[in-house]
Amino acid sequence: MNADVDIGTDTHPTQAPDADTGTDADADSGAATGRKLRTVVLSSLLGTTVEWYDFFLYSTAASLVFGKLFFPDTDGTVGTMLAFATFAVGFLARPLGGLLFGHIGDRVGRKRTLAFAMGLMGVSTALIGLLPTYEQVGALAPVLLLVLRVAQGVALGGEWAGAVLLAVEHGPEGRKGRFGSYPQIGLALGLALGTGVFALLSNVLSDEAFLGYGWRAAFLASLVLVAVGLTVRLKIDETPAFRAVLGQAAGPRAVPLVEVVRERLTRRHLLLGMVARWGEGVAFNTWGVFALTYATGTLQLPRTSVLLTVTGASLVMAALVPVSGRLVDRFGARRTYLTGMAAFGVSVFPAFLLFETGGMLGFAVALVLALGIVHACFYGAQGTLFAALFPVHVRYTGMSAVYQVSGIFASGITPLLVTAFLTLGSGTPWLACGYLVLSAVGSVWATSRLREEDLFVRTG
C-alpha cells in the first residue's frame, strides 16, 4: 500500500513517499551546498563522536575500573557484572531521552535540540570523572555513578537521531546514503578515542596511579571535546526538510509519538525497525564492550594490547563506514543493511574460535574482521534506513524510538547476557555465540519485511 496514503501527510495525503510532507524532495531544492554542507557534515560527525566517546568511555571503565572502585565488596566476576549493570542503566534511560528530545526536535527543530543534548552529555561525563569512590563515601558512590549514567543515557537518547537527520535531510539527492553514513563514523571514532585514551593512560601510568586518578582524566577531557563540538554545531542552519514542515499551515504535530503509534504503516515500521536493530546492538556491545573483559579476564591477554586492538579495529570501521554509505546510494539502504547483518551472523562462531585459539594475534584478526569490516557494512547503512521509515514531521521521534527503545534489549543487557552465557557454558563461549547468531537471524528477518515502496527516503 502506498506509504503516504497510510500515513496521512500534512497537506498532500495522496503523494508518493518521494514527496513526503516537507519531504526530501522539497528539502533537496534548498539543500545546503559548499561550505555550509561541509559544516553540516563536520557538525554531525563531531557531535556523534563526542557523544559516543563519552558514552562508551563508561563501558571501557566498567570493564576495567568501576568494578574495583565502586563495587569492591564483591568478587571479581560479580563486581564486573554490577559495573555492567550500571552500564545497562544508561540504555534504559536512552528511550526517555529519545522520546523527550525527539518530541522537541520534531516541534522546535534539530539544531537547538542537538546542542542541548551535547551539553548534557559533556557535563554528566565530566562529573563522573570527579566522583568519590566506594572507599571514600561508601554506598553513595555507586548511587551517584548510577545517576550520572542515567543522565548520559538521556543525552545520548537525543543525539543519535538528530545527528543522522542533520546529515540525511541536508544531503543532496543521490547522496543521502553517503551523508547518512557520516554521523555513523562517530561511533567508531568515539570508541577508538575512549579505548585509545585508556590504553595511553594505562601504559604510561602504574596500575595504582591509573586506578587512583588516571581514568578520571579521560572523563574530564570530555569538556574540551564538547566545547569544540558545540562551537561547530551552533554555526549550522536548520535542515531544509524541517523548515519545509514549519512552512506548512499545519506545522509540526502536537504529539509526534501519538501519530507514530496511531498510523498503521509507521507503527509497523517502528516494530520492524526495533527488531532490525537487535543484531546491530548485540554485535557492537559484544565486540566493543564485552570483548575487553573477555580478552583480559578469560583469555588473560595483556590489557594495553587489547585496548590498542579495539582502537585499531574501530579506526578500520571508521574508514569503511563511508564505503557502506556509497553502497547505500548504489544498492539501497535496506539491501546493504540486510547483507551486512547476514555477514555478522555467519562470522560469529569463526570470530570466537579465533579468540579461543589464536592468542593475541587471533584476537586482533577476529576483532578487525568482526568490528572493523562486518560491522561497518551494516552500521553505515543503518542511519539512512531508519530515517526512511518515517515522514519528516515525526521522523526525529520515530527514529529515536526505534534506536533507543530497542537499545534496552539489543545493547544494554548484551554484556550481562553474554557474561551469563559464558558462565553457563563453564567458560566456553558457544552458548553466547548461539545468542549472537539468533539476534542476527531476527534482524535479517525484520529487515527483509520492510518494503521498498513504503520507505520515505529513496536510496539506490
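Buried residues are those under 20% relative accessible area, exposed ones are over 50%, and partly exposed ones fall in between (1.4 Å probe, protein chains only). This is a predicted model in which local features need pLDDT of at least 70 and side-chain atom pairs count only at pLDDT 80 or more, while totals for chains, interfaces and linings use all residues. Residues are numbered from 1 along each chain as its sequence is written, and side-chain values use heavy atoms, with hydrogens and water left out.

**View 1. The whole protein chain, with 20 helices and zero strands.** Helices (H or I, at least four residues) and strands (E, at least two) are DSSP runs, numbered from the N terminus. Of the 460 residues of the protein chain, 61% count as buried. Where contact means heavy atoms within 4.5 Å, residues 24 or more positions apart account for 86% of the contacts with a separation of 6 or more. The accessible surface, from the Shrake-Rupley method with a 1.4 Å probe and, for residues, with only the protein chains shown counting as cover, comes to about 15700 Å², of which 68% belongs to carbon and sulfur atoms.

**View 2. Salt bridges that link distant parts of the chain, Asp237 with Lys36 and Asp207 with Arg303.** A salt bridge is a side-chain nitrogen of Lys or Arg within 4 Å of a carboxyl oxygen of Asp or Glu, and a search of the whole structure finds nine of them. The side chains of Asp237 and Lys36 meet at 3.5 Å, N to O; Asp237 lies in the loop between helix 11 (222-233) and helix 12 (240-246), whereas Lys36 belongs to helix 3 (residues 34-64), 201 residues apart. Asp237 is partly exposed, with a relative accessible area of 35%, and Lys36 is exposed, at 52%. In the salt bridge of Asp207 with Arg303, the closest N and O atoms are 3.1 Å apart, and the pair, separated by 96 residues, joins helix 10 (residues 207-220) to helix 15 (residues 303-331).

**View 3. Helix 14 (residues 264-298) and the pair Arg277 and Glu280 within it.** The closest N and O atoms of the salt bridge between Arg277 and Glu280 are 2.6 Å apart, and these residues are three apart in sequence, about one turn of the helix. Arg277 is buried, with a relative accessible area of 1%, as is Glu280, with 2%. Elsewhere, salt bridges that share partners join Asp106, Arg110, Glu169 and Arg395 into one network. Because 28 of the 35 residues of helix 14 are buried, this helix is largely enclosed by the rest of the structure. Its expected span, 1.5 Å times one less than its number of residues, is 51 Å, and its end C-alpha atoms are 47 Å apart, which agrees. A kink of about 50 degrees is centred on Phe290, the bend being the angle between axes fitted to the seven residues ending there and the seven starting there.

**View 4. The surroundings of Thr309 in helix 15.** Thr309 is buried, with a relative accessible area of 12%. Not counting residues up to four places away in sequence, Thr309 touches Met360, Phe363, Ala364 and Leu367.

**View 5. A nonpolar patch on the surface, formed by Leu99, Val255, Leu257, Val258 and Val261.** Patches are made of residues with over 30% relative accessible area and no salt bridge, like charges being joined within 9 Å and nonpolar side chains (Val, Leu, Ile, Met, Phe, Trp, Tyr) within 5 Å. Together the five residues have about 360 Å² of accessible area, and helix 13 (residues 256-262) gives the most, with three residues. Val258, found in helix 13, is partly exposed, with a relative accessible area of 45%.
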